[in-house]
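This report describes charged pairs, a surface patch and the contact between two chains. Please consult the sequence and the structure shown here while reading.

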Amino acid sequence: MGEFSLTHAPNMSNVEQACFKSFLYIMLQSAEDARRGYMPRVTTAVVTTALLAPILALAQTMATSLLGRHSALAMPPGPQAFCDHYPDSPHCRVGLPSCALCHTQTPMRNNFGADVGDALRETLPNASQPLTELQYEAALPAALDTIDARDSDGDGFANIAEITAGTWPGDCDSYPIEASGPQPYDRRYVFKKISLDVCGHSPSYQQFQDFDELPPMGQMEELHKRLDQCLDSEFWQGPDGVLWQLAHPKVRPVASLRYAGSDNGLPPTDYHDDYHLFVYSQIDDHDARDVLQANYFVTRQESPTRYARVDEVPTQIMQRERRAGLLTTQWVMLYNVMFAPLPRTAAAQAYRAFLGFDLARQEGLYPIPGEPMDYDDQGVDDAECAQCHSTLDPLSYPFKNYNGFHEPVFQYQADRIETHFAQEAANITAMPEAGAILGQPVGDLIEWAHVAANSDEFAAATVREYWNLLVGQPPSPNSDEFERLWRTLAQEHNYSVERMLHDLIETEAYGAL
Amino acid sequence: MRYKYDLISILASLLVLSAIAVACSDKGDSDLAQMPPPQQPVAVSPQPKIKFKGHRRWRNDLARALALDEREVCNEMGQYSCTELVHRIALGGSAAEDLGFYTPLPTSTITSPIAADRVALSACIKRVDLDLQSQEPVIFTGPAPMEDGHREEIIHALYRRLIQREAAPHEVTYFVELLYRDVTSLAPEVSLAASARDWAVLSCFVVATSMESLFY
């Protein structure tokens, strides 16, 4: 008989396809048997199948749960296993390390990842490849130990030295820098820096003279006083000031679209509402977590610039109980949700902007077993895509009921998928609103925002922005000062950025030449 | 960051070249060799992390130091702000709404030092010309041509205003004697008044584009 091929069976796994092909073959051959006067082999097949089916079904269920939907490239538990083995590594201080520790782009590995792979093969010489997740997790610690002393990237530092220092053992441009010991804090230097960083200009010659005449304690008081004055300046919080500049990558404004809604019969949209809320959350003693959790808005008066909290503004129509700070503004709905049934862009942008994780660089990957389900049939369950979409899709589900351009525009709609997208994919209406962020399940976007805002990652990302801005370079991986700042922001300062800045100006990183 | 070090090296090169060009005369070389060295050894910072002031901070400093309105500091073709518009990105700024530059460029550009020079030169020319026309000059005091006694005063004023410190004696010597002598002797057919004006502009320019003025 001729070969039978299944040209289109998108929902069948390989096992299912093989079984179906076998069944058809048996039926066709049985017909031939009957024609020749033999007992149809289908009878034998039915009996055999009846006996074997439960066993086969159990085997497939176990395989799926153990290996995941994509057994050929299972989502590795590497980052967590790495941190279990090296809990004190700076890579594990804030969440889990990025996949870039071992990979250039998954599944391709860098030199360190290649050495890990070789070590795993030596540890389990008889295991078939690829390893199962259980085998991988069990063998990884011993494999890592065997390459501790090796210098995988050839930068002159052993892998264990780089892991301990928080640099990247697979990147020859990343290596530990020898600590030079504590450096003297220069108050005069800090006086100049605060003026320039926050007020936007140098102190005058006379101001320096006055400062020099103060005793040391008086100079420290003057530094904090100066900071307080400058934090109220137009340069810091005014339109297009420092805080607005920090907001640009989060808001991503487009001048030509700023009032686009009003030109097309849509409710007017003004992304300055987003800037106002961001700046408000960063000034005075306000709670920085409101960038994700605020159910209010902020207006701005000019000359001088002052921000005020209000419950409603005419350019925002999201239902109050569905608001989540800068996740649900009209601009976000217009620009990041638009027409998408599953707003992956909105979720990824929020992940990057507020938690510092760029999924495109494989940062912040927390794969969820069984994902992606690819409800909207975009092919994201292909092996190459699933590496990231097993995190991104569950991250995006809580956004699914927030309308962009579908009616009711820019508002929450509980049956949004059923109303607007039911015909787009076979399984799309099964898409849940519950999702996951940082490995934690969440029921909706409000809960998503709460988990994100109260995470270590949010606190660290918030402080890192100001550290980069004021110190001038990222914190070193094992910087105790940096870690103290973000922990204190969360545990003592109730997420007040200004209080954190008063701590920051006293760090050696800021004040030592 | 690489941004800072690229700009430092380019500006340092420009400064050296300009110093050499100005001092290069039949008598200049031997005089330069006789200039006293810095009085204290320069300490090497173990973690150098100075920052370029950027388009707005530097403009603010120039405006305050040279007693100019911020909008007067530099305008291309007389109307387009050098620091807020034309050279904003080259001078370390972002341009989010119009161009989608949400963050400043991570490194300086080939035009960054050129832009910095233009801004400084524009501001210095403006101040010098205002003072020459004014009955109450702010920095460049004394009737034109700038008399001997006033040149030292002018240099001290420039240092205090632009980089908030006193000029060292050898720095004063350089500006007052060498630079002035060479500027005024380079083109004998130019009037002394014009040469003196050039000296004033160049002195202001040299201090305004020094590393102490551009970085912190």
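A residue is called buried when its relative accessible area is under 20%, exposed when that area is over 50%, and partly exposed in between. The model under discussion is predicted.

**Salt bridges within chain B**

Over all chains, the count of salt bridges comes to 33. Three pairs within chain B are listed below, with the N to O distance for each.

| Pair | Closest N and O atoms |
|---|---|
| Arg71(B) and Asp69(B) | 3.0 Å |
| Glu76(B) and Arg118(B) | 2.7 Å |
| Asp198(B) and Arg197(B) | 4.0 Å |

The salt bridge between Glu76(B) and Arg118(B) joins two elements of chain B. Glu76(B) belongs to strand β1 (residues 75-76) and Arg118(B) to helix α6 (residues 112-133), so the pair ties together parts that are 42 residues apart in sequence. Glu76(B) is buried, because its relative accessibility is 13%, under the 20% limit. Arg118(B), at 41% relative accessibility, is partly exposed.

In the pair of Arg71(B) and Asp69(B), the arginine is exposed, with a relative accessible area of 66%, whereas the aspartate is partly exposed at 32%.

The salt bridge between Asp198(B) and Arg197(B) has closest N and O atoms 4.0 Å apart. Asp198(B) is partly exposed at 35% relative accessibility, and Arg197(B) is partly exposed at 27%. Elsewhere, salt bridges with shared partners link Asp240(A), Arg56(B), Arg59(B), Glu70(B), Glu84(B) and Arg88(B) into one network.

**A nonpolar patch**

Met77(B), Tyr80(B), Leu85(B) and Val86(B) make a nonpolar surface patch of about 440 Å². Of these residues, Tyr80(B) lies in strand β2 (residues 80-81) of chain B and is partly exposed, with a relative accessibility of 34%.

**The contact between chain B and chain A**

How many residues does each chain bring to the contact? Chain B contributes 27 residues and chain A contributes 38. Between them an area of about 2,700 Å² is buried, and carbon and sulfur atoms give 49% of that area.

Polar groups also take part in this contact: 15 residue pairs are in polar contact between chain B and chain A. The count of salt bridges between the two chains is three. Lys51(B) and Asp197(A) form a salt bridge through their side chains, at 2.8 Å from N to O. On the side of chain B that touches chain A, the elements giving two or more residues are α3 (54-65) and α5 (96-99). Of the elements of chain B, α3(B) gives the most to that side, with five residues.

Methods: Residues numbered from 1 in each chain as written. Chains lettered and ligands numbered in written order. Predicted model: local features only at pLDDT ≥ 70, side-chain atom pairs only at ≥ 80, totals over all residues. Heavy atoms only, no water. Buried < 20%, exposed > 50% of the residue type's maximum accessible area, 1.4 Å probe, protein only. Helix = DSSP H or I, 4+ residues; strand = E, 2+ residues; numbered from the N terminus. Patch = residues over 30% accessible without salt bridge, like charges linked within 9 Å, V, L, I, M, F, W, Y side chains within 5 Å. Areas by Shrake-Rupley, 256 points an atom, 1.4 Å probe, with all protein chains shown as cover. Contact = heavy atoms within 4.5 Å. Buried area = accessible area lost by both parts, 1.4 Å probe. Polar contact = N/O pair within 3.5 Å; in protein donor to acceptor, adjacent residues only side chain to side chain.
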